[in-house]
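Biologist: I should like to learn how to read the features of a protein model. May we work through one together?

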Amino acid sequence: MRAAFLTLGCKVNFYETEKMKEQFRKRGFEIVGFDERAEVYIVNTCTVTNIADRKSRQMLHRARKKNPDGIVAAVGCYAESDGERLRADPAVDAVFSNNEKAELADKIIEAFGLSVEPCGDFPPPERERTRAYIKIQDGCNQFCTYCMIPYVRGRGALSSMPEDEVVAQMEELALRGVREVVFTGIHLSSYGVDLAGEKNFVRLGGRPLAELLRRAAAVDGIERIRLSSLEPRIITEEFLEKIADISKICPHFHLSLQSGCDAVLERMNRHYTTEEYYEKVELLRRCFDNPAITTDVIVGFPGESEEEFAQTRKYLSRLRLADIHVFPYSPRAGTRAAAMEDQVAGDVKKARSELLLADTEDYRRAYAETFLGKRERVLFEEEADEGGRRYLTGHNERYVKIGVPLSEARKRNWRENEIHLVTVEKVMKK
């Protein structure tokens, strides 16, 4: 019996999909591509924006067309936020919450009376090219006014994977040849808060995450440890003193910003000012050599005036970040922001997004070009075409994509999933 999966949204969802695939493999399913015919289709949904909601529904309907007699199941954040709509959709046979992901295979087998032959052994989980993700934390209790995630990820409850379990997963991945591990979570900065019996991650000063990183760095075979999105308030001198000397940590920090205007940040219920964020950026630059600092920015939040948008643009030019993920604000039913007055028109959000995207391309190129002519350790991942030439490409520790002409790479016998010291002559586009 065949099962197909499609994942939308964040890296946490991708990690959880791989765990669900493991379940299905162990129960005897063959995992096939989502565009292939299967008996079971699983869509791991996202609800971060209205576009994500719509894409989730579209993918469920696509699965139904692939096999009108198959089982189509929705799981994840959109399944929680709008489950009643999905249950009423004739294209969808079953809807499961995030909490049900850990036992999804058994639930589907039982609910639909499927007959499958369990496997005693099964292939290892897939990974994204040469790196693997470990979800070490779940839940968020920050309740930003625009965000549904705390409501669909445990209603503000926090949970962390114990250190021993994280290390065990890393050791298993190292045996499978993984070179780079990415720690991810819904609110990664809250790692260990629940284990320490705390509620506020700020009071812990990042100590649990720092202690985990020190243990993780001792795992043989894993050469790089990368962190996903961090809350700016975790970046303190105390935290950085604990991790700055860990050579395996990639100096690549994604610090969520959302706006460069203090008035907008306050309406968002973000718990820092632009000046405090700037101080965190400068602190990282003092502790790490030319770190890649990236962020998210929401454009067109309710009430955002032309002046407030101009403040954000000017502030971003001051920060000189390596990359910015730009999102037009999308109202989420049930959040405080959706009920705010002065919702920004769609065409205004689109125009502002385009301006920031153009700015971002300049920032990204300027940062990437600082590596031209330098010697960088590149973890090669795949072949790619650009400008009519073929390259072997990969990323350095700061997640800049670097290419070596394929002919040269072959002469040197360089392959995917290998790390080599390279004189950078070509910085690839994203």
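Modeller: The turns that follow treat a sheet, some helix contacts and two loop residues. Please note that this is a predicted model.

Biologist: Let us begin with the sheet. How many strands form the open sheet, and in what order?

Modeller: Strands of a sheet pair through backbone hydrogen bonds, either parallel or antiparallel. Here four strands form an open sheet in the order S7-S6-S8-S9, and the pairing is mixed. Strand S7 (159-160) and S9 stand at the edges with a single partner strand each, so one side of each has no neighbour in the sheet.

Biologist: Which strands run parallel to S8, and over how many bridges?

Modeller: Strand S6 (residues 131-138) is joined to S8 by six bridges, and these two run parallel. Gln137 has Gly185 of S8 as its bridge partner. On the other pairing, four bridges join S8 to strand S9 (residues 224-227), again in parallel. There, Val181 stands opposite Ile225 in S9.

Biologist: In which sense do S6 and S7 pair?

Modeller: S6 and S7 pair in the antiparallel sense, over two bridges. Asp138 has Ser159 of S7 as its bridge partner. Helix H1 (residues 11-26) packs on the sheet and touches S6 and S8, its direction making about 105° with that of S6.

Biologist: How should I read the two faces of a strand, and are those of S8 covered or open?

Modeller: In a regular strand the side chains alternate between the two faces of the sheet. Both faces of S8 are covered: Glu180, Val182 and Thr184 are buried on one side, and Val181, Phe183 and Gly185 are buried on the other. Six of the six residues of strand S8 (residues 180-185) are buried, so the strand is largely enclosed by the rest of the structure.

Biologist: Which residues of helix H9 are buried, and what do they pack against?

Modeller: In helix H9 (residues 207-216), the buried residues are Pro208, Leu209, Ala210, Leu212, Leu213 and Ala216. These buried residues pack against elements including S6, S8 and S9, and also against helices, among them H7 (163-175) and H10 (237-243).

Biologist: Now to pairs of helices. At what angle do H1 and H5 pack?

Modeller: The angle between two axes is read together with the distance between them. H1 and helix H5 (residues 104-112) pack at about 50°, with their axes 8 Å apart. H1 is therefore oblique to H5. Met20, Gln23 and Phe24 in H1 meet Leu104, Ala105 and Ile108 in H5. By class, this contact has five nonpolar residues, one polar and no charged ones.

Biologist: At what angle do H12 and H13 pack?

Modeller: Helix H12 (residues 274-287) and helix H13 (residues 306-319) pack at about 15°, with axes 11 Å apart. That angle makes H12 roughly parallel to H13, and their crossing is right-handed. From H12, Thr274, Glu275, Tyr277, Tyr278, Val281 and Arg285 meet Tyr315, Arg318 and Leu319 of H13. By class, the contact of H12 with H13 has five nonpolar, one polar and three charged residues.

Biologist: Finally, where does Asn413 lie, and what is its phi?

Modeller: Asn413 lies in the loop between helix H15 (406-411) and strand S16 (419-423). Asn413 has a positive phi of about 65°, although it is not a glycine. Asn417 is found in the loop between H15 and S16, and its phi is positive at about 65°.

Biologist: Is Asn417 buried or exposed?

Modeller: Buried means under 20% relative accessible area. Asn417, at 16% relative accessibility, therefore counts as buried. Asn413 is partly exposed, with a relative accessible area of 44%.

Note on methods. Residues are numbered from 1 along each chain as its sequence is written. This is a predicted model: local features need pLDDT of at least 70, side-chain atom pairs count only at pLDDT 80 or more; totals for chains, interfaces and linings use all residues. Side-chain values use heavy atoms; hydrogens and water are left out. Axes are lines fitted to C-alpha atoms, for helices over the stretch in contact, and angles run from 0 to 180 degrees between N-to-C directions. Angles under 35 degrees count as roughly parallel, over 145 as roughly antiparallel, 65 to 115 as roughly perpendicular and the rest as oblique. A crossing is left-handed if the near helix is turned anticlockwise from the far one by less than a right angle, and right-handed if clockwise. Contact means heavy atoms within 4.5 Å. Ala, Val, Leu, Ile, Met, Phe, Trp, Tyr, Cys and Pro count as nonpolar, Asp, Glu, Lys and Arg as charged, and the others, Gly among them, as polar. Buried means under 20% relative accessible area, exposed over 50%, partly exposed in between (1.4 Å probe, protein chains only). Two strands pair if DSSP finds at least two bridges between them.
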